[in-house]
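Student: Please take a close look at how the helices at the start of this chain pack against one another. I would like the geometry, the residues involved and the surroundings in one connected account.

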Amino acid sequence: MNNTDSQILGLLRDNARLSITALATTLRISRATVQKRIEFMEASGVITGYTVKVKPDFEKDMIRAWMHIMVEGNKSMQVIKALRVDPAVETLHTTNGKWDLLVEIKSNDLDSFDKILDRIRTITGVQSSETSILLSTYKTH
């Protein structure tokens, strides 16, 4: 990767729908260069896909939470496999320190949320957990 790649990535992170022409104009380089650099980053696995950002308050009635999970012994991969197919799990991270996993959960209502927590807590290998419901979200940049 070079400086041009970093600039392209920065612009695409902000708006993945920017056209090749818009990127080239902004960076003051040729369209062919932009196209070549994007193809290189896709082929090398730097760019793995494109996505849509949704305003945090778009799903204002959605319940979102972070769940910290401690895993028994060496059962991390077993727990991760179960969490990866759970429709309520938005993101899943391994961590260091007291907790082994950090899981972002989404639910439409408290009743469903309660069932999600029960379902996750009963996964074989989950030793303990702590969950925090997200109350407010603020843009940082």
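Tutor: In this predicted model, helix α1 (residues 3-14) packs against helix α3 (residues 31-43) at an angle of about 85°, and their axes are 10 Å apart. That angle makes α1 roughly perpendicular to α3. On the α1 side the contact is formed by Thr 4, Asp 5, Ile 8, Leu 9 and Leu 12, and on the α3 side by Val 34, Arg 37, Ile 38, Phe 40 and Met 41. Sorted by class, the residues of this contact are seven nonpolar, one polar and two charged.

The partner of α1 in the second pairing is helix α2, residues 20-27. Here the axes come within 11 Å and cross at roughly 125°. The two helices are therefore oblique to each other, and α1 passes α2 in a right-handed crossing. The residues that meet are Gln 7, Ile 8, Leu 11 and Leu 12 from α1, with Leu 23, Thr 26 and Leu 27 from α2. By class this contact has five nonpolar and two polar residues, and no charged ones. Set beside it, the contact of α1 with α3 includes two charged residues.

Read together, the two residue lists place Ile 8 and Leu 12 of α1 in the contact with α2 and also in the contact with α3. Gln 7 and Leu 11 appear in the list for α2, while Thr 4, Asp 5 and Leu 9 appear in the list for α3.

Next, the loop between α2 and α3, where both Arg 28 and Ile 29 are found. Arg 28 is not a glycine, yet has a positive phi of about 60°. With a relative accessibility of 78%, Arg 28 counts as exposed. Ile 29 has a relative accessibility of 27% and so counts as partly exposed. Leaving aside neighbours within four places in sequence, Ile 29 is in contact with Thr 4, Ala 24 and Val 34. Of these, Thr 4 and Val 34 also take part in the contact between α1 and α3. Thr 4 lies 25 residues from Ile 29 along the chain, and the C-alpha atoms of the two are separated by 9.1 Å.

As for the surroundings, the protein chain has five helices and four strands, arranged along the sequence as α-α-α-β-α-β-β-α-β. The radius of gyration is 20 Å, well over the 14 Å that the globule rule gives for 141 residues, so the chain is more spread out than a compact globule. Its C-alpha atoms fill a box of roughly 55 × 35 × 25 Å along the principal axes. Of the 141 residues, 28% count as buried. Among contacts between residues at least 6 apart in sequence, 63% join residues at least 24 apart.

One loop elsewhere in the chain can be described in the same terms. Thr 95 is found between β2 (89-94) and β3 (101-107), and its relative accessibility of 36% means that Thr 95 counts as partly exposed. Apart from neighbours within four places in sequence, Thr 95 is in contact with Asp 100, Leu 101 and Leu 102. The C-alpha atoms of Thr 95 and Val 79 are separated by 14 Å, with the two residues 16 apart along the chain.

Conventions. Residues numbered from 1 in each chain as written. Predicted model: local features only at pLDDT ≥ 70, side-chain atom pairs only at ≥ 80, totals over all residues. Heavy atoms only, no water. Axes fitted to C-alpha atoms, helices over the stretch in contact; angles between N-to-C directions. Parallel < 35°, antiparallel > 145°, perpendicular 65-115°, else oblique. Left-handed = near helix turned anticlockwise from the far one by under 90°. Contact = heavy atoms within 4.5 Å. Nonpolar A, V, L, I, M, F, W, Y, C, P; charged D, E, K, R; others polar. Rg over C-alpha atoms; globule rule 2.2 N^0.38 Å. Buried < 20%, exposed > 50% of the residue type's maximum accessible area, 1.4 Å probe, protein only.
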